[in-house]
Amino acid sequence: EVVGVIEFFSHNMQEPDADLLKMMCLIGSQIGQFIDRRRAAALLQKEQEFLQAVLDNIEEGIVACDADGVLTLFNRATRKLHHLPQTPLPADRWAEQYDLYLPDGKTRMRKEDIPLFQALQGRHVHDVEMVIAPKDGAPRTLLASGQALVDANGRKQGAVVVLHDITERRRLEAQYHQAQKMESIGHLAGGVAHD
């Protein structure tokens with residue numbers, strides 16, 4: 001593919017110099033490679049921006065890490081859940097930095113309990129319940145599902161987890177159970193009054 005033309009002029013008429021032509025071909029080839037790399041970089045940048053826009057418009061939280069366990073991707077929903085900026089951290093600091101707790105909301109998760117860490121170890125994680133209690137926000141109950149990321153040759157590239165916020169569902173379930181208790185007490189009291 002021709003990507004450009006280099007033209008040289010001389011004030012004096014002379015026969016073409018084979019060494020000079022060879023050198024110009026090499027320079028032209030290098031310039032062409034540079035132009036190709038710039039085009040590829042621009043295309044890659046455009047694809048990365050598109051992917052980030054897609055991820056940021058998904059309502060579920062998405063977080064991913066590389067093969068070394070360093071967090072490499074947070075979408076907007078995840079940043080909102082954590083109330084923190086995207087920060088690359090090693091796996092042994094995830095629980096403390098991101099205030100991750102077991103479903104009781106009081107017991108801090110160990111590194112081994114964190115769904116993303118489990119996925120990084122090659123386990124398929126499905127609907128693991130956890131609580132995020134950010135320092136400047138209300139606790140949120142989440143279901144996490146994820147798995148390891150592997151390339152075409154089966155080599156581990158990292159892991160990804162999707163976070164589904166079920167806080168409202170848990171609140172409604174608690175209200176429903178409370179209403180059932182009150183109804184049972186009402187029936188019991190009505191039975192006692194009747195007796």
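1. A quick word on terms: helices here are DSSP runs of H or I with at least four residues, numbered from the N terminus. In this predicted model, helix H1 covers residues 18-56, and Ile31 sits in it.

2. On the overall layout, the protein chain has five helices and six strands. Going along the sequence, they come in the order α-β-β-α-α-β-α-β-β-β-α. The chain has 195 residues, and 27% of them count as buried.

3. Back to Ile31, since I'd look at its surroundings. Is Ile31 buried or exposed? Neither, quite: its relative accessibility is 40%, and buried means under 20% while exposed means over 50%, so Ile31 lands in the partly exposed class.

4. Ile31 also belongs to a nonpolar patch on the surface, alongside Ile6, Phe8, Leu20, Met23 and Ile27. Taken together, the patch residues offer about 530 Å² of accessible area.

5. Now for the inside. How many cavities of 30 Å³ or more turn up? Just one cavity passes that cut-off, and the space in this largest cavity is about 150 Å³. Its lining is made of 13 residues, with Val63, His82, Leu100, Ile114 and Leu116 the closest to the centre.

6. As for what that lining is like, 12 of its residues are nonpolar and one is polar, with no charged residue. Strand E2 (71-74), helix H4 (115-120) and strand E6 (156-165) each put at least two residues into the lining of the largest cavity.

How values were computed:
Residues numbered from 1 in each chain as written. Predicted model: local features only at pLDDT ≥ 70, side-chain atom pairs only at ≥ 80, totals over all residues. Heavy atoms only, no water. Patch = residues over 30% accessible without salt bridge, like charges linked within 9 Å, V, L, I, M, F, W, Y side chains within 5 Å. Areas by Shrake-Rupley, 256 points an atom, 1.4 Å probe, with all protein chains shown as cover. Salt bridge = Lys/Arg side-chain N within 4 Å of Asp/Glu carboxyl O. Buried < 20%, exposed > 50% of the residue type's maximum accessible area, 1.4 Å probe, protein only. 1 Å grid on protein atoms, 1.4 Å probe; cavity = no way out; pocket = protein on both sides within 12 Å on 5 of 7 lines; lining within 4 Å. Points joined across faces, edges and corners; volume = space filled by probe spheres on them. Nonpolar A, V, L, I, M, F, W, Y, C, P; charged D, E, K, R; others polar.
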